[in-house]
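Visitor: Could you walk me through this one? I'm new to reading structures.
Guide: Sure, ask away.

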There are 2 protein chains.
Amino acid sequence: MTIYDIAKSCAVSIATVSRVLNGSPKVSPKTREKVLAAMNEHNYKPNPFARGLGLNSMKMIGILCTDVSDAFFAKAVSLVEHDLRKRGLDVILGCTGNELSDKKKYLQLFLDKHVDAIILIGSPFREEQDNSHIEKIAKQIPIITINSLLDVPNIYCVLCDEKEGMQKAIELLAKQHCDNILYLYDSLSYSGQQKLAGYKAGMQEYNLKQVPHLIQRIPRTLEAAEAITTKLLDSGVELSAITASEDLLAVGAQKALSARGIILPVIGFNNSILAECSTPSLTSIDNRLDVLCPAAVTILAQILNGDFAAAPSKTIFPSLLVERESFSHNKPNKKEAAL
Amino acid sequence: MTIYDIAKSCAVSIATVSRVLNGSPKVSPKTREKVLAAMNEHNYKPNPFARGLGLNSMKMIGILCTDVSDAFFAKAVSLVEHDLRKRGLDVILGCTGNELSDKKKYLQLFLDKHVDAIILIGSPFREEQDNSHIEKIAKQIPIITINSLLDVPNIYCVLCDEKEGMQKAIELLAKQHCDNILYLYDSLSYSGQQKLAGYKAGMQEYNLKQVPHLIQRIPRTLEAAEAITTKLLDSGVELSAITASEDLLAVGAQKALSARGIILPVIGFNNSILAECSTPSLTSIDNRLDVLCPAAVTILAQILNGDFAAAPSKTIFPSLLVERESFSHNKPNKKEAAL
DNA sequence: GTGAAAGCGCTAACAT
DNA sequence: ATGTTAGCGCTTTCAC
């Protein structure tokens, strides 16, 4: 069933059929009805390849993340897919892993596939040194980053102020008279840098001493977090609270504490399901994917619509601190506090 | 840069260029080299839409899951994407949610988009009553299901024997002289039925009494699992072990136990990151996504290759029980045991 | 082994 | 408001 068949069955030209297909106003209501009816009757669906050829677009958005099996990225993909679909946009997914060469490959692949835009999820797509490979792509198609910041034309960034988030977490602890606050982190991606900066700013703000052994970079595993925490505890280092760049690390630290029967405030990051599953449940900083993702898609839609003026190049939302047992065992109810 | 440009720059016809593009043997090595060189020099990439029009395929596979933000589905998507990409196949992702009408919509959408095949992830795509909507699609394009079973022509199922998995878990508990084994579950999807059947079979095998209040259907939330477990404990019901259809539920149950200082064997399902993060860490049944997914993609590749004879309509792998603290606090090391 | 030419199903400019 | 027609860039017969 093609546009020709529909045209024939209605005794109109293919141009007219194409017009109703594309919602052109230059069709009389009568013929429009007639054509629509025929399409319905024959259950006609336009061939997307032919359409793609003509329009040079198949309304597909490439979504890239380093790893969808990571809870944080998965949530973002889920939210983005949902909003994209609502606007009739398709999602082609790529999981790049952390190798730069693979990231480049995927970027090029999507470009070659003529996707309409690319959404980069997470800050692993911002390289420490050189992002010229992304800039190059951005010259050809719009790029949206979620939770990363790239100051490049045609790249639109939607992110959460993670530095402030972490800083407020430290403030909260400081106000509870915690001074020796451990910070566990695994990566110095843009996001990683922001969080670390937040920790340092918070510590400085409250004149807390920043000692090297209280800032620990470890692999992103439960075991590593548990091990380093245990090691610090055993070495007699004084700890009054633990913070981490990732819930997983905070859970590991919490396990080390629990194993020794020690109760300390622990604050994680991402407010993932892990925070809830931890025992005691974990206080965590939420980076607002639920608002970042819709915002990103809205901006994307504006751009695809040619409405560049309406598209902010940077959109930054505040973090949210979600308190659970690991912060205050004694408080009767959980509560959320906007930072 | 089109095929015409390349043809011109090599002084050959577009047909020849197309032939080298498609690896046809009817090209002399000399001209092939020449054309390849030109393509390289001009950094030529064939237009996928034009190609799609001609071949009626863009080598895209539709992947459907109800929710990628679920750890289990996310892992499957991740594994499948990886293997698909290795074979030069693209992934278009859809998250349908649990509404049947939405599932149908996505299925039709993918069909209309002329994807080459559809991979259904998880048993939520098998409806209890009527799966004619899937059968209809399967008449047009091949469908692969991961961890679900649909006995329909042109549908290829790759799954894990979850019934046996759960049964062996019960056996293990029975051998440790547990008799009052609670089973928590949330859904009666195909997978849900299998697990429940495994529980029942295991209980029967060891002549353990199956009482209604030891089989509890609850919402898929931590809170629900914790609440029902607490309620049972408080009501004086005797419990000697807890099993669940999902790690999340097992974690909830474990929390209830921990809160009362009770130590019981707890066994979850899916062997997700939650199992590791729980305290004590959770023994769990692994449904082998790491082998199901590659197997599914291999079968898919055979089908797309026209090699239907090589494609088994059902492929079933055994489960794996992964022991952690929740089963045996006293054992010094974790270990894996094939069921 | 290579080339010419006819599609593939649609869009859009142009003509009426 | 509607029809005609020329692409879009590739694949694939069919000749040579």
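**Two copies and a DNA strand**

Guide: In this predicted model, a turn of 180 degrees and a shift of 0.0 Å along the axis lay chain B on chain A with an RMSD of 0.1 Å (superposed by least squares on the C-alpha atoms of residues with pLDDT of at least 70 in both). That is the relation of a two-fold axis.

Visitor: Which residue of chain B comes closest to the rotation axis?
Guide: B:I92, with its C-alpha at 2.1 Å.

Visitor: Before we go on, what are the ground rules?
Guide: Residues are numbered from 1 along each chain as its sequence is written, and chains are lettered from A and ligands numbered from 1 in the order written. Local features need pLDDT of at least 70, side-chain atom pairs need 80 or more, totals for chains, interfaces and linings use all residues, and side-chain values use heavy atoms, leaving out hydrogens and water.

Visitor: OK, the DNA. Which residues come nearest to DNA strand D?
Guide: Of the 29 residues around strand D, they are A:R19, A:T31, B:I3, B:S18 and B:Y44 (near means a heavy atom within 4 Å).

Visitor: What does A:R19 reach there?
Guide: An N or O atom in the side chain of A:R19 is 2.3 Å from a base oxygen of DNA strand D.

Visitor: And what about A:T31?
Guide: The side chain of A:T31 has an N or O atom 2.6 Å from a phosphate oxygen of DNA strand D. For B:R51, a phosphate oxygen of that strand is 2.8 Å from a side-chain N or O atom.

Visitor: How much of the strand within 4 Å of the protein is sugar or phosphate?
Guide: 58% of those atoms, and the rest belong to bases.

Conventions
Polar contact = N/O pair within 3.5 Å; in protein donor to acceptor, adjacent residues only side chain to side chain.
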